[in-house]
Amino acid sequence: MPTPVKPVVLIAEELSPATIEALGPDFEIRHCNGADRAALLPAIAEADAVLVRSATQIDAEALAAARRLKVVARAGVGLDNVDVPAATQAGVMVVNAPTSNIVSAAELAVALLLAAARNIAPANAALKNGEWKRSKYTGVEVYEKTVGVVGLGRIGVLAAQRLMAFGTKVIAYDPYVQPGRAAQLGISLVDLDTLLTESDFITVHLPKTPETVGLIGEAELRKVKPSVIVVNAARGGIVDEQALADAVAEGRVHAAGVDVYAKEPCTDSPLFELERVVATPHLGASTDEAQEKAGVAVAKSVRLALAGELVPDAVNVEGGVIDEDVRAFIPLAERLGRIFTGLAGGAPEGLTIEVRGEIADSDVRVLELAALKGVFAAVVDEQVSYVNAPVLASERGVDVNLTVDPLSPDHRNLVTVRGGLADGRQLSVSGTLTGPMQIEKLVEIDDYDLDLQPAEHLAFFRYHDRPGVVGELGRILGEHGVNIAGMQVSRDEQGGHALIAMTVDSPIDPQALTEIVEAIGAHEGRSLDLDDLL
């Protein structure tokens, strides 16, 4: 037998050896210089996944060249170098390592603050230049001072906790944090103006967004104490560099510590001309520990993504950490979506994913994504993923809703895909997991009760209930060499409408399907192939 082709993982920048170890032996590992476009574009064309840091630009051009690409992994926190909307449109998952460098970043912010407070950088430079200037470089203590933390996310909290150990009072500005949460940390929430006017030290820990760019500019720096020290180890541009340089030069800000810049790499800034500014070249994540944690984290995410599983840290997929009980229902939801489309014969005009039972108490948004992925898998030519399935629905004007209800009268948990079709019909498909082994069961189609385990090949027939139908169906399948694996017959009433749902060992060819429909007088017959979902 031929050796299976391994998925290609392209490593476009230097990563820790632990990253390669974490990927394991299941992939073909290739390397290129991601900063060199001439090297990147041909290399990424053959990649199933690409791992980058900050120097490689994964933009629309790179994504267009990467027809096989399923996941972009950024071994770090920021995603300034990845075009996330373009990746989403292409169905490419984007993952990062959101917690890998938080300790390193917080420690660097504290280091910059202390270095600026004690004039460490200029004193070091002077001494190495043969000058002993103790009196010139007298500093200030951090003890009993007020520290203003702008942004109380994970890094902001870590920086605040470390600075509190110095005996400081910490205040913070973050409109997305509840006062009660801050109080639990021993931090007082204030508005930005109050933070600017009361702080002896200001340290910035915000993401870079249109709302935060230029948040601290000339007007804000005219409100601070002249003795204040400003630190930005978050993202360049949140603190206006020219405004900060002017404020330090004019004595309106005592000193600053800066690790990030509006444009990077940056070797020419007005801040670099000032002795009271401690400047570093974006070293926030540059520790051995952070680099190793980032590489290992994204390697694990790549493994999940290439296995077709949802990655909790994917930035362009809705939903957070997935409860294990919910995770078990993901393949079932996708399969129900595929069966829905097979029975519908096309995409719906509207779609509702219903989740009932015990799992409804958890975050079940992932089941909506899984169902959408199944619905569109056989409808569009492009790759359908958890990432672009909502985009495909929106582009096609399909109104999608998720409903949850902890009450499930007949099953412990029940997932239903329900939708309206262009011809006015309503269609529903329901499934559950049963027993200790969590076996998938198809339990309802359009209010017809079933108890059928999905298999690779499925067939459905709707007809008027009458004797002899099962015999005729079996005869025709036998003549075509198709063996029945399982069958369920359900009806609304004796002599009324009926549904046969069945699994077979091989596909039913169109001729056999037509013969069955004619022989039993069926008003609908469908044969579905779910091999890529099983």
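**View 1. F461 and I500 face each other as bridge partners, the latter sitting in β21.** Strands and helices here are DSSP runs, numbered from the N terminus: strands are E runs of at least two residues, helices H or I runs of at least four. Strand β19 (residues 457–464) pairs with strand β21 (residues 497–504) in the antiparallel sense, over 8 bridges. Two strands count as paired if DSSP finds at least two bridges between them. A word on what you are looking at: this is a predicted model, in which local features need pLDDT of at least 70 and side-chain atom pairs count only at pLDDT 80 or more, while totals for chains, interfaces and linings use all residues. Residues are numbered from 1 along each chain as its sequence is written, and side-chain values use heavy atoms, with hydrogens and water left out.

**View 2. Zooming out from that pair shows an open sheet of 4 strands with antiparallel pairing.** The order to follow is β20-β21-β19-β22. Which strands stand at the edges? They are β20 (484–491) and β22 (524–529); each has a single partner strand, so one side of each is left without a neighbour in the sheet. On average, neighbouring strands of this sheet are turned by 15° against each other, direction ignored. Angles are taken between axes, which are lines fitted to C-alpha atoms (for helices, over the stretch in contact), and run from 0 to 180 degrees between N-to-C directions.

**View 3. Two helices, α14 and α18, lie across β19 and β22.** Helix α14 (residues 330–344) runs at about 140° to β22, and helix α18 (residues 510–520) at about 25° to β19. Contact, wherever the word is used in these legends, means heavy atoms within 4.5 Å.

**View 4. Helix α14 on its own is a good place to check helix geometry.** Its 15 residues should span 21 Å at 1.5 Å a residue, and its end C-alpha atoms are 21 Å apart, which agrees. The expected span is 1.5 Å times one less than the number of residues. Is α14 largely enclosed or largely open? It is largely enclosed by the rest of the structure, because 14 of its 15 residues are buried. Buried means under 20% relative accessible area, exposed means over 50%, and partly exposed is in between (1.4 Å probe, protein chains only). Just after the helix comes G345, with a positive phi near 80°.

**View 5. The second sheet on display is an open one of 5 strands with parallel pairing.** Its order is β2-β1-β3-β4-β5. The edge strands β2 (28–31) and β5 (93–96) each pair on one side only. Neighbouring strands are turned by 20° against each other on average, direction ignored. Inside the sheet, 4 bridges join β3 (residues 49–52) to β4 (residues 71–74), which run parallel; A49 has V71 of β4 as its bridge partner. Helix α12 (residues 288–306) lies across β1 (8–11), β3, β4 and β5, and runs at about 170° to β4.

**View 6. Helix α5 (residues 102–117) is largely enclosed by the rest of the structure.** From its first C-alpha to its last it reaches 23 Å, close to the 22 Å expected for its 16 residues. Of these residues, 12 are buried, including I102, L108, V110, L112 and L113. The helix is followed by N119, whose phi is positive, near 55°.

**View 7. Three loops hold backbone details worth a closer look.** Most residues other than glycine have a negative phi, and most peptide bonds are trans. The peptide bond from E264 to P265 is cis, with omega near 0°, and P265 lies in the loop between β11 (255–258) and β12 (277–279). Q438, not a glycine, has a positive phi of about 55°; its place is the loop between β16 (426–434) and β17 (439–445). Q438 is partly exposed, with a relative accessible area of 38%. D447 also has a positive phi, near 70°, and is found in the loop between β17 and β18 (448–452). Is D447 buried or exposed? D447 is exposed, with a relative accessible area of 67%.
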